[in-house]
Amino acid sequence: MAVDNETVKKIALLAKLRVDNEKLDDTKSEFNKILNWVEELGEVNTDNIEPLSSVNDEALTLRKDIVTAGHISLDILKNAPEQEFGYFVVPKVVE
Amino acid sequence: MTDLTELTVADALSKLKEKEISPVELTQAYIQKLDNNKKYNAFVTLVAEQALKNAYIAEQNYLNKVNRPLEGIPVGIKDLFCTKGIKTTACSHILDGFIPQYESTVTQNLLDDGALFLGKLNMDEFAMGGSNETSYYGPVVNPWSKDKPLVAGGSSGGSAAAVAAKMCAAATASDTGGSIREPAAFCGVTGIKPTYGRCSRYGIIAFASSLDQAGPICKDVTDCAILLNSMAGYDPKDSTSSKRDVPDFSSFIGQDIKGLKIGIPEEYRPEGLNPEVASCWDKAIQILKECGAEIVHINLPHTKYALPTYYVIAPAEASSNLARYDGIRYGLRVEGNNLDNLYINTRTAGFGAEVKRRILIGTYVLSAGYYDAYYLKAQKVRRLIKNDFDNAFQNCDVILTPTSPVEPFAIGDTKMLENPINMYLNDVFTVSVNLAGLPAMSLPIGLSQNGLPLGMQLIGRAFDEGTIFKTAYQLERGANFVRI
């Protein structure tokens, strides 16, 4: 499955990245090299094989649904490039 | 006086306990070395003053006999670990100026045991790379470089180079596809990626969560055991961390390996394997035989599919993990005329080329219509790769392979840079271990004709780092590798 420039643009938009027009052909060709390579996986017979999403064989533990680290909003805001009145600042989203 | 930075952690600890040396002297010696070795670009942030302050506290603790297991040992921390109050960027432009307000569990464990931090170590951006050349702060130079600068390996290039050049007594590192083992091999030092779940991932900036695992890079096998003792353990803050007991890894050092079955996988000796790597492998096999171990030939039939599997799964997880860098909550922010453009401008300016490449591939393989063909398929092959190891370990106790098919190459090597896949192929011997979640160590065995270090890898059963430690220690003794 080879991708075209339109697909690269669409994927970039989904990933919130911009690929400049002059870099589009290079990006597409790199993309296709990698996709061709991973398509080797098609040779492997995986009928009746369960996908492996985690090697962890222990049941994940659920903690009690209680607040363990509250009242740290000021700490959280310390790294915000822009903040005001205890909130993160974003461009206007509602007209 | 002898150079204190020559001491291993084990030797330094015993001299500290005997009051032959003081933590302040030891720390000063490392700070001096840091200053002399800036050319290697191993550290990206230094906290020397803080280290010295903590060394004075360590000195008091020795005097008052309340010294902890790593009291006064100066270590370096890979820039992937969040360190409270110390800038942490994963060597990415997008995390400019990020100062964590909390400590990662692994580094907290080291602090609780009395280790002191010298600074943060250079790495490939977000741990994506095999040569440390994707770092926003420039490549690390391998201390073994001769006439031209060579790569230190990656992604933990700073950790490996700093330990090799004696700029810290030991270092933390992380390994998603070989990022501890490959740089350790390239720099002639020793590193272990423990079993997935041994070390908490809490506070380690995420790359591919089902593969990421922390571990130490040290001067030798014994030091790796000492460091891992401190770093490992169950953590309620990471639901994938294991509740299994952590044995005292040091207790395996010196145990004999008579009758131990060493598996040699046929698939790791493809036609055209670098003959120097092959002969170094043979040397390691010979050493283990002389220790009384039994050599067993095994098969890992899906080995050739490990890299393509990895390069679907790791980018998929990365594209999801790196969605958090939005220009709003931390790090770089590049304004835009609306929210979407702020995201796009920030991420386009903040991520480097390799990181963007992986985000794009990851987004593609997870996108509607392609998920089954790529991602689900890769997860199925991942199970087959894990099954290969399960079967192999029916017939052997530990597996011996080379760590890397190549010796350290030049910074800016055109062959590596012209096609990203050429760089990816360097991980051919290391990625399977991450896919299967197994522990594996790299240790230096010999030198190439160019006088550059070659490492061998020992792979163990899940949660059986102990067998790796006892085998590696015997191998280290037999190889008698001389560090720089």
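Of the 484 residues in chain B, 67% count as buried. Keep that figure in mind. This is a predicted model. I'll start with chain B, move to chain A, and finish where they meet.

Chain B, then. Chain B holds 16 helices and eleven strands. How does its radius of gyration fit a compact globule? For 484 residues, such a globule would come out near 23 Å. Chain B has 21 Å, which agrees. Along the principal axes, its C-alpha trace spans about 65 × 50 × 50 Å.

Next, contacts in chain B. Take those with a separation of 6 or more. Of these, 76% join residues 24 or more positions apart.

The surface of chain B. About 16,100 Å² is exposed, and 49% of that comes from carbon and sulfur atoms. On charge, chain B carries 47 positive and 52 negative side chains. The centres of those two sets lie 2 Å apart.

Let me zoom in on one residue, B:G263. Where does B:G263 sit? It lies in strand β7 of chain B, residues 261-265. Buried or exposed? B:G263 has 0% relative accessibility, so it counts as buried; the cut-off is under 20%. Which residues does B:G263 touch, beyond its neighbours within four places in sequence? They are B:V296, B:I298, B:C396, B:V398, B:I399 and B:L400. For a sense of distance, look at B:A164. B:G263 and B:A164 are 99 residues apart in sequence. In space they are 29 Å apart, C-alpha to C-alpha.

One helix of chain B deserves a stop: α9, residues 306-321. Helix α9 of chain B has 16 residues, and at 1.5 Å a residue they should span 22 Å. The end C-alpha atoms are 22 Å apart, so the two values agree. Of the 16 residues of α9(B), 15 are buried, so the rest of the structure largely encloses this helix. We'll meet α9 again shortly.

Now chain A. Chain A has three helices and two strands. Reading from the N terminus, the order is α-α-α-β-β. What is the radius of gyration of chain A? It is 23 Å, but a compact globule of 95 residues would have one near 12 Å. The C-alpha trace of chain A spans about 55 × 45 × 25 Å along its principal axes.

Burial in chain A: 28% of its 95 residues count as buried. Contacts: with a separation of 6 or more, 30% are between residues 24 or more positions apart. Surface: about 7,000 Å² is accessible in chain A, and 52% belongs to carbon and sulfur atoms. Charge: chain A has 11 positive and 19 negative side chains. Their centres lie 8 Å apart.

Last stop, helix α2 of chain A, residues 24-38. Its 15 residues should span 21 Å at 1.5 Å each, and the end C-alpha atoms are 21 Å apart, so that agrees. Which residues of α2(A) are buried? Here they are: A:L24, A:T27, A:F31, A:N32, A:I34, A:L35, A:W37 and A:V38. And what do these buried residues pack against? Within chain A, they pack against α1, residues 5-14. In chain B, their partners are α9, α11 (353-366), α12 (371-392) and α14 (420-424).

So there is α9 of chain B again, packed against by the buried residues of α2(A). That's where I'll stop.

Conventions:
Residues numbered from 1 in each chain as written. Chains lettered and ligands numbered in written order. Predicted model: local features only at pLDDT ≥ 70, side-chain atom pairs only at ≥ 80, totals over all residues. Heavy atoms only, no water. Helix = DSSP H or I, 4+ residues; strand = E, 2+ residues; numbered from the N terminus. Rg over C-alpha atoms; globule rule 2.2 N^0.38 Å. Buried < 20%, exposed > 50% of the residue type's maximum accessible area, 1.4 Å probe, protein only. Contact = heavy atoms within 4.5 Å. Areas by Shrake-Rupley, 256 points an atom, 1.4 Å probe, with all protein chains shown as cover. Lys, Arg positive; Asp, Glu negative; His and termini not counted. Charge placed at Lys NZ, Arg CZ, Asp CG, Glu CD. Expected span 1.5 Å × (residues − 1).
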